[in-house]
Amino acid sequence: MIIYNVTINIDDSVHNEWLVWIKEHIPQVLATGKFIDAKLTKVLVEEDMGGTTYSVQYKAHSREALDAYYAEDAERLRGDGLKKFADKMLAFRTELEVIDEYSVSFK
């Protein structure tokens, strides 16, 4: 399984507007049909550059589905955020391969 991780630092001046936007954006990415689910998380580390950092983790159906997302959808969907937030947002993307999963249940 592949996780497509997008880490975003958002300037305080547009933080609230961005948070509303990202909560609309994530369902648009999921609507491409290339991902199983997504998680929006806040990074709990203070950045020297200021702002607030978030991570969005999209669980891809497969490597092929992620490649299809890049080819068919990524440019358009990334462009929406770039147009709206321009120099107030810094993003980088990583791909993570899930090797194994573990869980524990305490009763």
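Starting at the N terminus, the elements of the protein chain follow one another as β-α-β-β-α-β. That makes two helices and four strands. Keep in mind as you look around that this is a predicted model.

Now zoom out for a moment. Measured out along the principal axes, the C-alpha atoms of the protein chain fill a box of roughly 40 × 40 × 20 Å. The chain has 107 residues, and 36% of them count as buried. Its accessible surface comes to about 7,100 Å², with 52% of that belonging to carbon and sulfur atoms. As for charge, there are 13 positive and 19 negative ones, and the mean positions of the two sets are 5 Å apart. Contacts tell you how the chain folds back on itself: counting those with a separation of 6 or more, 76% are between residues 24 or more positions apart.

A good place to go next is helix α1, residues 15-30. From first C-alpha to last, its 16 residues reach 22 Å, close to the 22 Å expected at 1.5 Å a residue. Which of its residues are buried? They are His-15, Trp-18, Trp-21, Ile-22, His-25, Ile-26 and Val-29. If you wonder about the spacing in that list, here is a handy rule: an α-helix has 3.6 residues a turn, so residues three or four places apart point the same way. The buried residues of α1 pack against the strands β1 (2-10), β2 (35-42), β3 (52-60) and β4 (89-97), as well as against helix α2 (63-85).

Let's follow that link over to α2, where you'll find Leu-77. This residue is buried, because its relative accessible area is 1%, and the cut-off for buried is under 20%. Setting aside neighbours within four places in sequence, Leu-77 is in contact with His-25, Gln-28, Val-29, Thr-32 and Tyr-69. Two of those names, His-25 and Val-29, are among the buried residues of α1. Gln-28 is 49 residues away from Leu-77 along the chain, yet their C-alpha atoms are separated by 8.1 Å.

Helix α2 also holds Asp-73. Is this charged residue buried or exposed? Asp-73 counts as buried, because its relative accessibility is 9%. Its side chain has polar company, too: a 2.7 Å polar contact joins it to the side chain of Lys-34, and another, of 3.2 Å, goes to the side chain of Arg-76. Beyond its neighbours within four places in sequence, Asp-73 is in contact with Thr-32, Lys-34 and Ala-68.

Over in strand β3 sits Thr-53. With a relative accessible area of 6%, Thr-53 is buried as well. The side chain of Thr-53 makes a polar contact of 2.9 Å with the side chain of Asn-9. Asn-9 also turns up among the residues in contact with Thr-53 once neighbours within four places are left out, along with Thr-7, Ile-8, Lys-42, Val-43 and Glu-47.

One last stop is the loop between α2 and β4, the place of Ala-86. What is unusual to spot here is the backbone: Ala-86 is not a glycine, although it has a positive phi of about 35°. Ala-86 counts as partly exposed, because its relative accessibility is 44%.

How values were computed
Residues are numbered from 1 along each chain as its sequence is written. This is a predicted model: local features need pLDDT of at least 70, side-chain atom pairs count only at pLDDT 80 or more; totals for chains, interfaces and linings use all residues. Side-chain values use heavy atoms; hydrogens and water are left out. The expected span of a helix is 1.5 Å times one less than its number of residues. Buried means under 20% relative accessible area, exposed over 50%, partly exposed in between (1.4 Å probe, protein chains only). Contact means heavy atoms within 4.5 Å. Accessible areas come from the Shrake-Rupley method with a 1.4 Å probe; for residues, only the protein chains shown count as cover. Lys and Arg count as positive and Asp and Glu as negative; His and the chain ends are not counted. The place of a charge is taken as NZ of Lys, CZ of Arg, CG of Asp or CD of Glu. A polar contact is a pair of N or O atoms within 3.5 Å; within protein, one must be able to donate a hydrogen and the other to accept it, and residues adjacent in sequence count only if both atoms are side-chain atoms.
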